[in-house]
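Dear colleague, please look over the model shown here before reading my comments. I have kept the points short and have tried to explain each term where it comes up.

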Amino acid sequence: MPEQTTDAQTEGLALEDWLTSEGVPLKDPEAIRMAVDVEQRVHELIVERTAKQRLQPPPKEVDVTTLGITAAQMLVGGLPEVNWLVPNLLGPDWIGKISGREKAGKSVLMFIAALGPLERGEPTVFGPATEPATALIYSEEPEDGLLEKISDAGLRNATIVYTHQLGGHTWKEKVDVLVAVAKHRGHKLIFMDNFSRAAEVEDENGPEMGRAAEYLAERAKAAELAVLILHHNRKASGNVFDLSRGGTALGAACDINIVLQEVAGPDDRRRKLTSRGRLKATNWVKTVLLSEDGTAYTLVDNEPEGVDTATQNAVLTRTYLEQVGATTARQFVEAQGGSTDTATRRLDDLVKEGWAEAERHRGRPTVWTAVPRS
């Protein structure tokens, strides 16, 4: 006659299985003794889990003969028209990122070349506005600087929310509030300056920034809102799409990524814009010129005369050296990228131009020090 299993043994085995499934190591299951209330709660969890498994519908059978669609079927009727908010820049439920160095003119560009014309239904440097659309602006900028941009852009119907007004809230709470306010005010766009500080991201190289952007994109898309965020570039050179701070998660979460670069230093009113997006129409390079009174942008030649990569690299190298004071080739590579040979050549060029001095060991330069400007 088979040995009967008692209720106590059944519960003990269930408890052991449950602890194992929860990742609790069991070296001596027989030695486990738990309080009655804990035992009861564990038993309830087991019952709940079993009930959920029984209520789950069985997987549907898949007909492999009809699953999927051919490429030819997808192309019937041709390509659909893109529903643009601003042609070549944003759809009505897209999220776009504009990155550049600090004080390079990112927010000025967005206020004057995008937000202002879009509110009035006027053409932008990116493409003609499809219809007038207003924006909710979430900004960390002091009031005097923000008022100047609002005035230059001719904004009247935008809503401004300062970052300190939502201090103490979690990122998801901030997003939910901003989306609700934007919908209530009838806006079509949320403009955020700047993203990493608004989201309070500490580790820009981890996945946290991408996840924050994904939540913002999901909530905005559900509300049929477009989003533009500003983000800072690193003090580096190389491929323009490798300049943005942090890893690749933020860029991957955006529908379009635009990089703003100075053409010939901060005093030059031209800015080069390089865009990469998920559609062909969002892959472009433009050079724009700010008017003398700072109230309008116009398109100029995409490749300005007399400005090349070597000139831009020289400006970046000199700026970096002035900021750190002194550097080795290895330190330069860690901060700016590239190879030690390239770093040595670019730093030696500064020595030839009188912007740096080189400390040598056995005839080879080892440390480069910035020369104070006269």
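The points below concern a pocket and the nonpolar cores.

1. This is a predicted model, in which local features need pLDDT of at least 70 and side-chain atom pairs count only at pLDDT 80 or more, while totals for chains, interfaces and linings use all residues. Residues are numbered from 1 along each chain as its sequence is written, and side-chain values use heavy atoms, with hydrogens and water left out.

2. The second largest pocket has a volume of about 530 Å³; a pocket here is an open set of points on a 1 Å grid where a 1.4 Å probe fits, with protein on both sides within 12 Å along at least five of seven lines, and its lining residues have an atom within 4 Å of a point. Of its 24 lining residues, Lys103, Ala104, Gly105, Ser107 and Lys149 are the closest to the centre.

3. That lining divides into 13 charged, seven nonpolar and four polar residues, and helix H4 (106-120) gives the most to it, with three residues.

4. The largest nonpolar core, a set of buried nonpolar residues (under 20% relative accessible area, 1.4 Å probe) joined through side-chain atoms within 4.5 Å, has 40 residues, and Met110, Phe111 and Phe126 have the most contacts inside it. H4 gives the most to this core as well, with eight residues.

5. Leaving aside residues up to four places away in sequence, Met110 touches Ile98, Leu115, Phe126, Phe191, Leu228 and Leu230, where contact means heavy atoms within 4.5 Å. A second, separate core of 30 residues includes Leu136, Leu166, Met192 and Leu225.

Conventions. Points joined across faces, edges and corners; volume = space filled by probe spheres on them. Helix = DSSP H or I, 4+ residues; strand = E, 2+ residues; numbered from the N terminus. Nonpolar A, V, L, I, M, F, W, Y, C, P; charged D, E, K, R; others polar. Buried < 20%, exposed > 50% of the residue type's maximum accessible area, 1.4 Å probe, protein only.
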